[in-house]
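Q: Please take a close look at a single part of the structure shown below. Follow how its elements are arranged and what they touch, in one connected account.

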Amino acid sequence: MVAHLVRLKLTLLRNGLRRSPWQVVGLVVAALYGLFAIVIVVAAMAATSVQVPDIRGLVTVLVGSVLVLGWWVVPLVSFGVDATVDPARFATFTIPRRSLLVGLAIGGVIGIPGIVTAVTALALTGVWWQDLDVVLVALPCGLLGLATCIVGSRATTSAFSNLMGRRRVRELTAAAALIPLILAGPLLSRVSMSGGMPSKEALGQVARVLGWTPLGAAWAVPWEVADGHWAGAAARFGIAVGTLVVLAMVWARALAHALVNPVHESTSTRNRGLGWFGRLPATPLGAVTARTLTYWVRDPRYALAIAIVPLLPVLMLVFGGGSKLLFLGPTAAFLMGWGISSDVAYDGSAFWTHLAAPVTGLTDRLGRVLGASALAVPVVATYAIGSALVTGRPEVVPALLGVSFGVLLTAFGGASIVSALVVFPVQQPGENPFQTRQGASMMAVTSQLLGWGAVLALSAPEAALAFLAITQHEVGVGWAALVVGVLLGGLLLVVGLRVGGRVLERTGTDLLRRILSFA
Amino acid sequence: MPADQLPALDLRGLWRRFGQKVAVAGIDLVVPSGSFYGLVGPNGAGKTTTLSMATGLLQPDFGTVLVHGQDLWSHPLEVKRMLGVLPDGVRLFDRLTGEQLITYAGLLHGLDRETVATRAHDLLVALDLDKDAQTLVVEYSAGMTKKVALACAMVHAPRLLVLDEPFEAVDPVSAANIRDILASYVASGGTVIVSSHVMDLVQRMCDHVAVIAGGHVLAAGTVDDVRGEASLEDRFVQLVGGRVSGEGLAWLRTSSG
């Protein structure tokens, strides 16, 4: 049974690759990335393995703990868990739950993150190569750690997705849950920076404590053995095994619950009137704009894509405040402007509505930009002006407005072209936000990096002028930045809308076909 | 030929290939103006692919689509004004309320605000959706979703309605209402094409029918011409083939304990 499930996963992977060359590109990029990670990890571990045992223990426990924590938390916030082999599909088969769990867990290792993790676990074991009996202990402990990673990620995601069966609850929580997680990284780095590089002793303390927690227990066993503390080793081994058992139980229960209680919507939301459709002009353009605006409010995927924007001021303050605060406007402009690049992908197959109607590509593009600007323009203006005032430099307002709106307009233009050319699998409306689509992240990355580069390069003129104005205290140059930013950005937006509209009219049916092929 | 003598839909040599699989292999079909046309075929026959190409949702590899004499793929904007489309197996903008969705479809087709408001209200009442007009479409049942999609296809009073599986998941009462609406629409000069699996329905409802299988048209014409003396279902099975007797599954007998 386990072998069947693993083979199923491999077959699905192969068929996925056959379906579209993009999947192959995504996999190749991901594989290169993974290979890079493996080389770094193995090199670092090789260097560690010739240090004294205390350093080896410290490094293995810290790296291992980060690895476990990553598997537990990251799928919740960004990538989701790979749902190629969805347990719910097995609801009607009489597969013993134990076989199902083991099969799904082993299947979880197949894939780039799984392989990188497996190699890392092996490298963490290899650190102890100088001491044969420690290696003999470290090997099963490495396996235990690997299992803790995989099973833990399944446990957290399935437990959360059961919790969040209800659409409203799920959408709100997903958005809210991001906030502390976005802040966690910078806060930690801030804390560690303020104290300078933490001392070896401090790290050792952290590693010793982690060794007693579910995160680090499995990795701490060889360290204890190397020190000759067999009792300590046994205790940590017990913790590690207990962790895995508890995680497996959580996963099994969540799975059992999910199999017989599919997500059911019972709540009904009432809305009044036509909303934006009643307020904006009764034209195709007004309709597209109204629809986009409605979705910005009602569809959490849009909110999640720009969830970081309201947190930017906090982030900038954490990162040191002062003149760094001036980056607020351009950063928000870039994020919100580029936000519409996945618009057609977010429409999903509902995009047919535009194809079937006598709507020009330009109307489609412009409507989406207008809808997004209703939110972006006030936010960017507030950030640009606010950051200048807070830092006590009101004279840089024109320069900041210039670069911010230059970036915003350029990003709108670039995104209008990109979203007419490329669609990639995204979560469909109403889908569990903790499930990710196969190949989603890598394909998104490959297509978007080019666009980012282009937007940054094309907004370089106003950015350079604004930089000059701010650093050299040249008010006149600041006004030049404003003029260049608005004119050049406006020109690029017009070009982007026209090109994007024309491309969309040519590629629209193909985009729809590709969206349908993702489903 | 005067404009209303031209066929409502004229498909000429339509081809479409997906990778190695030819989904539609040279379909010619003439749908006379004012007809109620049924499109029947087994699963995977190419019905949806054909209708997608006829409505501008899928680019054909070869062939032309003429709607009331105008080429769809060379004058998409003009032709799409005459078309009302209900595709199968696609999503709607389901974060809008039922009323908003119909309004959206109407506005995209260039209707003014008053017309859209009146028609949206009439359609919601006619399709028994008026109680749920303010509910998000994502919370509709499958049948209600079909009905609101149908309303979207009709809101701009198109000359040709192309409906892919319009009765799927729709309850019998609503289905009867929809049939009445479509029949009176045809009586007033409109043209309707429906695809369906239900032969009985097509035989009772439609005046013309085409049988499609394997990407080809096997038979087309008035319902009476196509079925001859037999029922449409028998004629369909005869044309398409593939009937197997149930005797091979002798073990599927629960009483033989």
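A: **Sheets of chain B and the contact with chain A**

Leu161(B) stands opposite Val192(B), a residue of strand 8 of chain B. The two strands concerned, strand 7 (residues 160–164) and strand 8 (residues 191–196) of chain B, run parallel and are joined by five bridges. The model is predicted, so that local features need pLDDT of at least 70 and side-chain atom pairs count only at pLDDT 80 or more, while totals for chains, interfaces and linings use all residues. Residues are numbered from 1 along each chain as its sequence is written, and chains are lettered from A, with ligands numbered from 1, in the order in which they are written.

The pair belongs to an open sheet of six strands in chain B, ordered 6-7-8-3-9-10, in which the pairing is mixed (strands pair if DSSP finds at least two bridges between them). The edges of this sheet are strand 6 (83–86) and strand 10 (216–222) of chain B; each has a single partner strand, and therefore one side of each lacks a neighbour in the sheet. On average, neighbouring strands here are turned by 15° against each other, with direction ignored. Helix 5 (residues 142–154) of chain B packs on this sheet, where it touches strand 6 and strand 7 of chain B, and its direction makes about 170° with that of strand 6 of chain B. (Axes are lines fitted to C-alpha atoms, for helices over the stretch in contact, and angles run from 0 to 180 degrees between N-to-C directions.)

Chain B also contains an open sheet of four strands, in the order 2-1-4-5, with antiparallel pairing. Its edges are strand 2 (21–31) and strand 5 of chain B, each with a single partner strand, so one side of each is left without a neighbour in the sheet. Helix 1 (residues 47–54) of chain B packs on the four-stranded sheet and touches strand 1, strand 2 and strand 4 of chain B. The direction of helix 1 makes about 120° with that of strand 1 of chain B. (Contact means C-beta atoms, placed from the backbone, within 7 Å.)

Within the four-stranded sheet, strand 1 (residues 9–18) and strand 4 (residues 62–67) of chain B pair in the antiparallel sense over five bridges. Trp15(B) stands opposite Phe62(B) of strand 4. Strand 4 is in turn joined by two bridges to strand 5 (residues 70–71) of chain B, and these strands run antiparallel. The bridge partner of Leu66(B) in strand 5 is Asp71(B), and that of Val67(B) is Gln70(B). Strand 4 and strand 5 of chain B form a hairpin with two residues between the strands. In this hairpin, His68(B) takes a positive phi near 45°.

Taken as a whole, chain B has nine helices and 10 strands (DSSP runs numbered from the N terminus: H or I of at least four residues for helices, E of at least two for strands). The radius of gyration of chain B is 19 Å, close to the 18 Å that the globule rule gives for 257 residues, so chain B is as compact as a globular protein of that length. (The radius is taken over C-alpha atoms, and the rule is 2.2 Å times the number of residues to the power 0.38.) Along the principal axes, the C-alpha atoms of chain B fill a box of roughly 65 × 55 × 40 Å.

Chain B also meets chain A: 36 residues of chain B are in contact with 35 residues of chain A. On the side of chain A that touches chain B, helix 12, helix 17 (352–356) and helix 22 (475–518) of chain A each supply at least two residues. The largest share, seven residues, comes from helix 12 of chain A. The residues of that side divide into 15 nonpolar, 13 polar and seven charged (Ala, Val, Leu, Ile, Met, Phe, Trp, Tyr, Cys and Pro count as nonpolar, Asp, Glu, Lys and Arg as charged, and the others, Gly among them, as polar).

Helix 12 (residues 284–298) of chain A meets helix 3 (residues 98–108) of chain B, where the axes come within 8 Å and cross at roughly 145°. Helix 12 of chain A contributes Pro284(A), Gly286(A), Ala287(A) and Arg291(A) to the contact, and helix 3 of chain B contributes Tyr104(B), Leu107(B) and Leu108(B). The residues of this helix contact comprise five nonpolar, one polar and one charged.

Methods. Contact = placed C-beta atoms within 7 Å.
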